[in-house]
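Student: Hey, can you walk me through this structure? I'd like to start with a helix.
Tutor: Sure, let's open it up.

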Amino acid sequence: MYAEARLNITFAGQNGDLRDPVSFDATDTDLKQWAAEAISTGGVAGIDAKEADFADFVVDRFPAKEDLPNRLILRPKTPFGV
Amino acid sequence: MSIEAGVLVDLDCEPIHWHLPRDRNTGALPDSRQLWDIIWENRARVMGFAHSHPGSGIPGPSHEDVTTFAAIEAALGKRLVWWITSADNFVELCWVGPHKLAYARGPAMYEPTWMQRLRDESGYDDVNAGLTK
């Protein structure tokens with residue numbers, strides 16, 4: 001039995017949750033693949049269907065606390081430097 | 001020794017947020033969820049982001065830089081201006097395509113008013129002071 005989580009995705013100026021819950025312990029690779037597949041078919045409410053590349057995105061993981069469930073946030077990386 | 005710094009800039013070319021995280025160092029601004037949150041909150045008025053590189057001369061974007069540029073633009077759904085400064089020069093970069101990482105320098109004719117503060121926050125004066133001793 002795995003801990004369920006909601007995957008929130010930001011892409012192309014839009015934001016939405018993957019329709020189905022995922023495992024909180026899913027790998028970043030799997031999460032990015034599921035997100036890309038879902039967006040390509042219009043399967044994320046709030047994000048228009050399009051091809052998506054999450055290679056340079058990262059996953060923030062927030063364990064459940066108080067009234068908040070497990071959350072996974074897929075967002076762009078933001079490091080800079082030489 | 002200089003330390004990298006950054007600033008988020010609005011459509012009037014004015015600073016929105018000075019990015020001076022505790023974990024910045026001489027060669028990097030680490031990944032920051034807070035920075036992304038601020039970019040997203042201000043997405044309607046963001047023009048671009050500037051950061052500093054160590055040393056002097058004409059700076060060039062690293063692979064880390066251009067992949068970050070591309071990722072942020074993909075998330076926002078719009079193209080931005082990316083400035084990089086050194087102790088004595090700066091460049092402004094935009095995506096020119098068609099490749100995902102095809103960023104090129106613009107004319108950089110006018111130095112933004114916040115550029116000097118960015119250099120101050122990067123500690124270049126300390127570097128220059130050391131060189132002149």
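**A helix and its surroundings**

Tutor: Helix H1 (residues 33–41) of chain B has Leu35(B), Trp36(B) and Ile39(B) buried. Buried means 20 or more other C-beta atoms within 10 Å of a residue's own, exposed means 12 or fewer, and partly exposed is in between, with C-beta atoms placed from the backbone. Helices (H or I, at least four residues) and strands (E, at least two) are DSSP runs, numbered from the N terminus.

Student: Where do the buried ones sit around the axis of H1(B)?
Tutor: They cover an arc of only 100°, which puts them on the same side of H1(B). That arc is taken from the directions from the helix axis to the C-beta atoms.

Student: And which residues are on the other side of H1(B)?
Tutor: Arg33(B), Gln34(B) and Glu41(B), and they are exposed.

Student: Wait, is this model from an experiment or predicted, and how are things numbered?
Tutor: This is a predicted model, so local features need pLDDT of at least 70 and side-chain atom pairs count only at pLDDT 80 or more, while totals for chains, interfaces and linings use all residues. Residues are numbered from 1 along each chain as its sequence is written, and chains are lettered from A and ligands numbered from 1 in the order in which they are written.

Student: OK, back to H1(B). What covers its buried residues?
Tutor: The cover includes strand S5 (71–76) of chain A, plus strand S1 (6–10), strand S2 (15–19), strand S4 (46–52) and helix H2 (63–76) of chain B.

Student: How many helices and strands does chain B have?
Tutor: Four helices and seven strands. From the N terminus on, they run β-β-β-α-β-α-β-β-β-α-α. The radius of gyration of chain B is 14 Å, close to the 14 Å that the globule rule gives for 133 residues, so chain B is as compact as a globular protein of that length. The radius is taken over C-alpha atoms, and the rule is 2.2 Å times the number of residues to the power 0.38.

Student: Is S4(B) enclosed or open?
Tutor: Six of the seven residues of S4(B) are buried, so S4(B) is largely enclosed by the rest of the structure.

Student: Which way do S1(B) and S4(B) run?
Tutor: They run antiparallel, joined by five bridges. Strands count as paired if DSSP finds at least two bridges between them. Asp10(B), for instance, has Val46(B) in S4(B) as its bridge partner.

Student: Which sense do S4(B) and S5(B) pair in?
Tutor: Parallel, over five bridges, with S5(B) spanning residues 81–85. The chain crosses from S4(B) through H2(B) to S5(B), and this β-α-β crossover is right-handed. Right-handed means that, with the strands pointing away from the viewer, the path from the first strand over the helix to the second runs clockwise.

Student: New topic: how many residues from each chain are in the contact?
Tutor: Chain A gives 17 residues and chain B gives 29. Two residues are in contact if their C-beta atoms, placed from the backbone, lie within 7 Å. On the side of chain A that touches chain B, the largest share, three residues, comes from S4(A).

Student: Which strand of chain B does S6(A) pair with?
Tutor: Strand S3 (residues 28–29), antiparallel over two bridges. There, Leu29(B) is the bridge partner of Phe80(A).

Student: Last one: which peptide bond is cis?
Tutor: The one from Gly97(B) to Pro98(B), with omega near -5°. Pro98(B) lies in the loop between strand S6 (90–95) and strand S7 (103–105) of chain B.
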